[in-house]
Amino acid sequence: MKLTTRFAPSPTGYLHVGGARTALFSWLYARKHGGDFILRIEDTDRERSTEESVNAILEGMSWLGLEYDQGPFYQTHRFDRYKEIIQQLLDQGDAYYCYCSREELDAMREGQRARKEKPRYTGLCRSRTEPRDGVEPVIRFKNPTDGVVVVEDVVRGKVAFQNSELDDLIIARSDGTPTYNLTVVVDDLDMGLTHVIRGDDHLNNTPRQINILKALGAELPKYAHLPMILGSDGARLSKRHGAVSVMQYRDEGFLPEALLNYLVRLGWSHGDQEIFSIEEMIELFDVESVNHSASTFNPEKLLWLNQHYIKSSSPEHVARHLSWHLGERGIDPSEGPDILKVVESQQERAKTLVEMADNSTFFYQDFDAFEEKAAKKNLKAAAQEPLSQLRAGLASLDVWEAEPIHELVKQIAESMDLKLGKVAQPLRVAVAGAGISPPIDITLELVGRERVLQRIDMALAYIEQRVAANGG
């Protein structure tokens with residue numbers, strides 16, 4: 001039987017960090033073993049499921065590069081199949097109609113709490129044969145009342161549940177719609193799931209699902225319940241820790257490989273190795289090696305990984321992602337310097353693509369004002385003559401490339417008996433609008449002669465105004 005895994009999110013929100021890790025582990029395991037990876041949208045919660053959330057999940061999977069072999073399948077398209085299985089369970093005597101009212105159920109649980117018992121359904125309607133007028137029944141699965149369900153968990157080992165602790169769960173609501181534990185079982189059965197890899201918050205559902213599978217005479221998949229992810233304070237990961245939408249990491253300038261590399265290390269390791277290519281992840285990952293203790297989310301580590309990937313990735317790859325950020329700033333990267341050269345000039349210093357995009361805007365767009373602090377420090381009366389000579393030299397330069405530009409700046413500094421920085425830094429502020437840019441020769445080459453001259457003129461006018469106002 002072909003190994004098959006799945007990722008089955010509910011479309012009630014965005015694709016978050018925990019869900020993305022589950023998807024990654026399931027995807028890696030399928031890819032390693034030549035199996036299929038299925039995407040299933042569990043959208044039976046009609047009140048909370050939204051089309052917007054479905055799109056957010058699909059967008060997140062696409063951005064991460066977690067392509068699926070089958071799907072997406074939608075549970076709302078499979079209601080006829082669920083009804084068929086529910087009827088089969090009724091016919092077998094493994095399910096029954098429950099006519100208990102809300103008041104009866106509340107009274108049942110209040111009595112149990114008063115006796116310090118675990119609140120659970122007592123099976124009151126198990127032997128009921130007659131319907132009750134005016135009551136639309138739910139359908140419950142008739143769980144075994146004795147024995148033990150042993151979950152052979154790939155991550156946690158053997159976990160035993162007493163059947164006496166599991167009540168008769170509802171598998172169809174009074175309006176006929178199926179419930180989570182029923183739909184999951186039917187889908188996993190029909191889709192040939194061999195391995196169910198999911199968060200350990202689902203572990204308590206597993207014995208119930210196993211009992212339904214056994215009632216259907218099905219072969220059980222292998223289960224692997226992944227440990228939870230904690231924030232730095234030890235609490236379950238939430239928005240305040242950075243458990244935001246996967247797409248927010250894109251918006252904040254992270255490369256997908258950095259996030260994947262970070263997620264794979266949340267609960268799994270291969271010696272002391274920190275950096276993994278996608279190919280290495282597929283080759284080395286094994287769900288049996290996942291740690292059963294919780295992992296801690298560390299935003300600083302993710303940022304470190306992102307900087308590594310920005311520096312080490314090909315300029316073409318970085319440019320593909322950077323172009324989106326430039327577009328968000330109203331920049332068409334085809335109208336200006338070669339984006340590959342811009343990336344090459346910025347790769348060594350950027351921690352995020354947002355930082356790279358912000359620091360590259362001046363290559364494509366003119367600015368109305370200089371950064372105040374940089375201008376006060378560098379665009380002073382003493383910079384007027386070097387900038388004037390630079391303008392004249394740059395205007396007549398035969399070849400507009402980094403090397404001759406560098407030689408010109410160096411010659412002017414030497415002719416004026418100035419250190420190179422005393423010439424280059426005012427020029428940088430004039431051309432970039434701020435005190436930080438790539439090397440000055442590369443910066444000028446990318447900005448282009450016409451814009452460089454215009455910006456030097458703007459800087460000279462700024463200096464003249466400053467001198468006139470306060471004597472420099």
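**Notebook: cores, pocket, one helix**

I looked up the nonpolar cores in this predicted model. The largest nonpolar core holds 99 residues, and L387 and L394 have the most contacts inside it. Helix α1, residues 17-32, gives the most to this core, with 9 residues.

I then listed the neighbours of L387, leaving out residues up to four places away in sequence. L387 touches L379, P426, L427, A430, I456, A459, L460 and I463. Apart from the largest core lies another, of 31 residues; F79, I139, F141 and L193 are among them.

Next I turned to the largest pocket. I noted a volume of about 830 Å³ for the largest pocket. Its lining counts 35 residues, and H16, G18, G19, D201 and H202 are the closest to its centre. I checked which elements supply at least two lining residues each: β1 (4-7), α1, α5 (180-190) and β9 (195-199) do. Which helix gives the largest share of the lining? I found α1, with 5 residues. Helix α1 is thus on record here twice, as it also gives the most to the largest core. By residue class, I have the lining as 16 nonpolar, 10 polar and 9 charged.

Last, I looked at helix α13, residues 353-364. Its 12 residues reach 16 Å from the first C-alpha to the last, close to the 16 Å expected at 1.5 Å a residue. Is α13 mostly covered or mostly open? I have it as mostly covered, with 9 of its 12 residues buried. The buried residues of α13 are L353, V354, M356, A357, S360, T361, F362, F363 and Y364.

Definitions and conventions. Residues numbered from 1 in each chain as written. Predicted model: local features only at pLDDT ≥ 70, side-chain atom pairs only at ≥ 80, totals over all residues. Heavy atoms only, no water. Core = buried A, V, L, I, M, F, W, Y, C linked by side-chain atoms within 4.5 Å. Buried < 20%, exposed > 50% of the residue type's maximum accessible area, 1.4 Å probe, protein only. Helix = DSSP H or I, 4+ residues; strand = E, 2+ residues; numbered from the N terminus. Contact = heavy atoms within 4.5 Å. 1 Å grid on protein atoms, 1.4 Å probe; cavity = no way out; pocket = protein on both sides within 12 Å on 5 of 7 lines; lining within 4 Å. Points joined across faces, edges and corners; volume = space filled by probe spheres on them. Nonpolar A, V, L, I, M, F, W, Y, C, P; charged D, E, K, R; others polar. Expected span 1.5 Å × (residues − 1).
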